[in-house]
Amino acid sequence: MSVHSFQEHFDNLIDRDVTIEPKDWMPDDYRKTLIRQISQHAHSEIIGMLPEGNWITRAPSLRRKAVLLAKVQDEAGHGLYLYSAAETLGISRDEMYNQLHTGKAKYSSIFNYPTLTWADMGAIGWLVDGAAIMNQVPLCRTSYGPYARAMVRVCKEESFHQRQGFEIMLTLSKGTDIQRKLAQDAFNRWWWPSLMMFGPPDAESPNTEQSVRWRIKRFTNDELRQKFVDVTVEQARVLGLEMPDKDIKWNEERGHYDFGTINWSEFYNVVKGNGPCNKQRIEARRKAWDEGKWVRDAAMAHAAKRKARQSEVKAA
Amino acid sequence: MNLAYTLRLADDALIIGHRLSEWCGHGPILEQDIALTNTALDHLGRARSLCQYAAEQYNAATAEEKKNSFSSVAIQQLTEAGKQLTEDDIAYLRDGWDYRSLLLLEQPNIDWAFTVARAFYYDTFNYYFFSHLKNSNDTTLAAIAEKSLKEVTYHLRWSSEWVVRLGDGTDESHNRIQQAINELWQYTGEPFVMNDADNVAVSTGAGVNLADIQPLWTARIAEILQEATLTMPPAGSWMQQGGKEGRHTEHLGYILAEMQYMQRTYPGMEW
């Protein structure tokens with residue numbers, strides 16, 4: 001087949017909603033876009049372990065500690081599936097780590113915000129995982145097979161995390177005055193960064209059109225953001241929390257909630273590295289990687305020795 | 001009543017679970033981060049079962065027994081107010097001198113080699129200990145032992161494999177694990193010291209005679225160290241002790257300050 005007919009075959013699969021598999025021919029840009037997106041997603045899971053990991057040793061009850069520990073462990077698992085999915089596109093995990101540690105690869109900016117109180121464990125589960133699910137559920141039907149299949153598992157666990165987060169918020173909101181204050185404070189701090197998780201407005205999102213065409217993306221940033229606002233306003237009511245945005249108002253005509261202006265200059269600054277914890281997050285990952293080098297070297301050396309001994313036994 | 005005995009086992013599980021959970025998100029290999037967190041969750045799960053059982057025994061005790069159980073002011077206040085203790089009160093409201101955990105377990109992670117060596121010593125102990133405790137005439141302890149034994153068998157395999165991998169890996173890993181094995185050796189006598197709680201539990205048929213498991217522990221440690229091309233520290237070395245009596249190293253205070261901070265700062269709330 002000529003390149004032209006490869007392209008036709010690929011387009012045809014996309015049009016018929018058939019998944020693309022690792023051995024199928026795919027356009028270079030499709031491969032690059034996927035590597036970028038999947039590795040970013042994997043990095044977000046791994047970096048995302050840090051803000052919540054910050055509270056494991058301080059969780060207020062043994063049950064909460066166990067649930068949080070299991071949740072952060074799930075995130076490591078998600079990172080693992082996603083790195084594996086990206087590897088099917090011809091990039092190694094070490095190379096992806098290297099891109100993360102050198103700042104070449106991005107990850108979800110939300111994790112550059114600090115977790116200051118226990119209530120942040122609730123707010124992150126409720127809002128951040130809630131926003132992540134909205135972004136991710138459509139990816140269960142994305143065109144690249146290994147990514148779509150990884151996302152099915154990820155989404156199941158994420159929705160569990162979201163419920164756990166909401167349950168923390170609910171417990172706080174039913175608690176004492178100081179607990180309600182903790183919940184409101186966390187809501188105030190995480191609300192706007194959560195809205196930013198859907199990415200820049202459609203008008204400023206250069207990759208959206210192509211990604212929608214490839215079914216790497218199923219909805220635009222603004223569509224998903226609106227859906228998130230609509231759902232969250234109702235949930236905040238259940239919690240008895242005040243919306244951190246004075247401009248929230250039901251718009252009868254649109255059938256959606258209107259909301260205030262997002263501070264995009266803050267968003268771009270956090271993406272650029274000026275968020276409150278960008279340096280700490282990367283530093284923590286780099287440190288784990290650098291200090292783990294001798295451990296990985298030892299494991300490799302030992303495996304090689306074993307293999308050599310086994311072949312000696314066989315030869316004898 | 002096996003309150004003191006239960007508490008010691010609860011404290012061991014809680015403190016090692018805490019230490020291992022500090023690794024979460026910072027492991028040298030993603031797969032090992034997951035494995036270690038699994039182990040931390042096993043210890044934490046056991047800590048919860050044991051803390052619940054300790055609370056149950058405390059709640060059923062006489063006023064006099066309650067008074068002599070803990071030095072904790074917070075627990076005394078709850079008791080005076082007629083409240084029933086929960087697993088969280090047991091974990092979060094006692095100070096260091098009420099903690100009966102082994103000194104070995106509160107030692108800091110330092111690096112992968114120290115973490116592996118500490119786990120190796122403890123998992124080996126646990127394996128033989130729970131193999132015996134499952135025959136306890138205290139049915140709750142026996143049930144916890146039965147469940148734990150499955151987990152501990154896996155823990156022991158994991159830590160033994162890492163001792164071998166590091167010992168018989170590179171020169172650097174060999175030196176690091178040998179150093180950790182040597183430095184933590186001083187804490188490996190305490191697990192076998194029979195104190196009052198042990199003697200009472202053994203006399204009633206609830207506990208394990210530690211003298212029975214010490215030779216098994218020593219043989220197993222020697223076997224793995226040999227496979228790992230490592231040197232076993234000399235027998236008869238000076239051994240630290242005190243944890244089982246509530247006299248700890250300086251590390252425990254910081255663990256508790258961190259672990260208990262929410263319950264201490266916002267007392268009496270549901271989380």
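Visitor: How many residues does each chain bring to the contact?

Guide: This is a predicted model. Chain A puts 48 residues into the contact, and chain B puts in 47 residues.

Visitor: What area is buried between chain A and chain B?

Guide: The general idea comes first. Interface size is often quoted as the accessible area lost when the parts come together. Here, about 4000 Å² is buried between chain A and chain B. Carbon and sulfur atoms supply 68% of that area.

Visitor: And the polar side. How many salt bridges does the rule find across the interface of chain A and chain B?

Guide: Three. One salt bridge pairs K305(A) with D168(B). Their closest N and O atoms lie 3.1 Å apart. As for polar contacts, 17 residue pairs count between chain A and chain B, both residues at pLDDT 80 or more.

Visitor: Which elements of chain A give two or more residues to the side that touches chain B?

Guide: They are α2 (28-53), α3 (62-87), α4 (93-101), α6 (145-173), α7 (177-196), α11 (278-291) and α12 (293-315) of chain A. The most comes from α3(A), with 14 residues.

Visitor: Now a single helix. What span should helix α5 of chain A have?

Guide: Count 1.5 Å a residue. Helix α5 of chain A has 18 residues, 119-136, so 26 Å is expected. The end C-alpha atoms are 24 Å apart, which agrees.

Visitor: Where is the kink in α5(A) centred?

Guide: On G125(A), with a kink of about 25°.

Visitor: Is α5(A) mostly covered or exposed?

Guide: Mostly covered. Of the 18 residues in α5(A), 17 are buried.

Terms used
Residues numbered from 1 in each chain as written. Chains lettered and ligands numbered in written order. Predicted model: local features only at pLDDT ≥ 70, side-chain atom pairs only at ≥ 80, totals over all residues. Heavy atoms only, no water. Helix = DSSP H or I, 4+ residues; strand = E, 2+ residues; numbered from the N terminus. Expected span 1.5 Å × (residues − 1). Bend = angle between axes of the 7 residues up to and from the residue. Buried < 20%, exposed > 50% of the residue type's maximum accessible area, 1.4 Å probe, protein only. Contact = heavy atoms within 4.5 Å. Buried area = accessible area lost by both parts, 1.4 Å probe. Salt bridge = Lys/Arg side-chain N within 4 Å of Asp/Glu carboxyl O. Polar contact = N/O pair within 3.5 Å; in protein donor to acceptor, adjacent residues only side chain to side chain.
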